[in-house]
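Here are my notes on the model you sent over. Have it open while you read, and check each point as you go.

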Amino acid sequence: MTGLELSHLTVRRGACPVVDDVTARLSPGDCVGLVGPNGAGKTTLMRAALGLLPHKGTSSLARLPAPERARTAAWLPQTREIAWPVSVETLVALGRTPHLGPGQRPGPADRAAVDAAMARLELGGFATRCATELSGGEQARVLIARALAQEAPVLMADEPIAGLDPAHQFTTMALFARLAAEGRLVMVSLHDLGLAVRFCTRLLLMHRGRLVADGPPRAVLSEANLAEVFGLRAYLAETPDGPVFQPLEVVR
Ligand SMILES: Nc1ncnc2c1ncn2[C@@H]1O[C@H](COP(=O)(O)OP(=O)(O)OP(=O)(O)O)[C@@H](O)[C@H]1O
């Protein structure tokens with residue numbers, strides 16, 4: 001089973017470390033929420049972990065040869081750019097590229113993976129629509145489907161629910177939690193701490209490039225961490241409907 005091991009991962013921009021000596025071992029089955037204020041280093045950490053940025057220290061993913069890495073990790077970047085006016089189905093099928101040899105055409109297994117990914121994102125009715133003509137939130141769901149079609153054991157997503165309507169934010173996080181429960185490692189950065197505490201099995205809290213807390217969501221979102229890192233006082237309680245989180249005031 002594939003996890004992710006980061007050891008003393010450090011990324012410098014000029015003299016300044018924007019990811020500073022991060023060590024963590026993430027396992028299959030974990031739905032890891034990467035949280036922290038704007039500029040904390042979340043995107044930089046994920047890109048370095050994927051081997052997309054020069055770094056010091058090590059990442060087990062970054063060390064893989066590129067073709068193997070593409071079959072191991074699916075990456076949903078924050079910028080959702082769809083470059084060509086292709087159909088939704090065609091775009092989602094691009095997720096199968098790492099599984100195809102040179103010149104090889106997609107087969108029944110590829111077709112099944114594409115159909116399953118589209119069904120999971122409720123995109124059945126969009127198959128023949130032009131991807132560039134969809135709304136921003138619809139495009140986000142198409143790109144998530146492309147990542148799922150890749151059927152990689154590791155899924156890393158940078159703010160995948162930003163810009164989605166509340167119901168789709170909820171269903172997308174529920175889907176990520178299910179994918180993790182099925183045995184994948186899911187790592188997702190997000191600013192919605194309510195959805196993070198509800199759906200993530202573990203939170204990594206970043207502040208000024210450093211990993212300042214790592215553990216169960218309720219423990220990481222302690223009163224002290226919320227005040228120190230986010231400058232917030234918040235209501236966080238277990239209810240019969242699950243955990244509920246609501247910021248109450250800014251305390252800095
Ligand atoms: N190409 C770059 N050159 C210089 N500094 C950069 C570059 N990219 C990011 N940074 C800086 O690195 C720091 C971390 O940025 P990063 O995008 O990783 O933060 P983040 O936690 O993902 O933030 P957000 O929640 O706003 O997306 C920020 O201070 C940012 O300004």
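**Notes on the predicted model**

1. Let's begin with helix 5, bearing in mind that this is a predicted model. Its buried residues are Ala140, Arg141, Val142, Leu143, Ile144, Ala145, Arg146, Ala147, Leu148 and Ala149. That makes 10 of the 14 residues buried, so helix 5 is largely enclosed by the rest of the structure.

2. Does the length of helix 5 come out as expected or not as expected? Helix 5 runs over residues 136–149, and at 1.5 Å a residue its 14 residues should span 20 Å. The end C-alpha atoms are 20 Å apart, which agrees. After the helix comes glutamate 151, with a positive phi near 50 degrees.

3. What do the buried residues of helix 5 pack against? There are two strands on the list, strand 5 (73–76) and strand 6 (154–158). The helices are helix 3 (88–93), helix 4 (108–120) and helix 6 (166–181).

4. The pairing with helix 4 deserves its own point. The axes of helix 4 and helix 5 come within 8 Å and cross at roughly 140 degrees. At that angle helix 4 counts as oblique to helix 5, because only angles over 145 degrees count as roughly antiparallel. The crossing is right-handed.

5. Which residues make that contact? From helix 4 they are Ala113, Val114, Ala117, Met118 and Arg120, and these meet Ala145, Leu148 and Ala149 of helix 5. Sorted by class, the contact has seven nonpolar residues, one charged and no polar ones.

6. Helix 1 (residues 42–49) is another one to look at. Seven of its eight residues are buried, so helix 1 too is largely enclosed by the rest of the structure. The buried ones are Lys42, Thr44, Leu45, Met46, Arg47, Ala48 and Ala49. Just after helix 1, glycine 51 has a positive phi of about 85 degrees.

7. Two backbone angles caught my eye. Aspartate 21 is not a glycine, yet its phi is positive, about 60 degrees. Aspartate 21 sits in strand 2 (residues 16–26), and with 14 C-beta neighbours inside 10 Å it counts as partly exposed. The other is glutamate 159, also a residue other than glycine, with a positive phi near 50 degrees. Glutamate 159 is in the loop between strand 6 and helix 6. Is glutamate 159 buried or exposed? It has 20 C-beta neighbours inside 10 Å and counts as buried, because the cut-off is 20 or more.

8. Proline 98 is in the loop between helix 3 and helix 4. It is partly exposed, with 18 other C-beta atoms within 10 Å. Setting aside residues up to four places away in sequence, proline 98 touches Pro67, Ala70, Arg71 and Gln150. Phenylalanine 199 is 101 residues from proline 98 along the chain, and their C-alpha atoms are separated by 29 Å.

9. Last, valine 186, which belongs to strand 7 (residues 185–189). Valine 186 is buried, with 28 other C-beta atoms within 10 Å. Apart from neighbours within four places in sequence, valine 186 is in contact with Cys31, Val32, Leu155, Phe176, Leu179 and Ala180. Proline 77 is 109 residues from valine 186 in sequence, and the two are 14 Å apart in space, C-alpha to C-alpha.

Notes
Residues are numbered from 1 along each chain as its sequence is written. This is a predicted model: local features need pLDDT of at least 70, side-chain atom pairs count only at pLDDT 80 or more; totals for chains, interfaces and linings use all residues. Helices (H or I, at least four residues) and strands (E, at least two) are DSSP runs, numbered from the N terminus. The expected span of a helix is 1.5 Å times one less than its number of residues. A residue is buried if 20 or more other C-beta atoms lie within 10 Å of its own, exposed if 12 or fewer, and partly exposed in between; C-beta atoms are placed from the backbone. Two residues are in contact if their C-beta atoms, placed from the backbone, lie within 7 Å. Axes are lines fitted to C-alpha atoms, for helices over the stretch in contact, and angles run from 0 to 180 degrees between N-to-C directions. Angles under 35 degrees count as roughly parallel, over 145 as roughly antiparallel, 65 to 115 as roughly perpendicular and the rest as oblique. A crossing is left-handed if the near helix is turned anticlockwise from the far one by less than a right angle, and right-handed if clockwise. Ala, Val, Leu, Ile, Met, Phe, Trp, Tyr, Cys and Pro count as nonpolar, Asp, Glu, Lys and Arg as charged, and the others, Gly among them, as polar.
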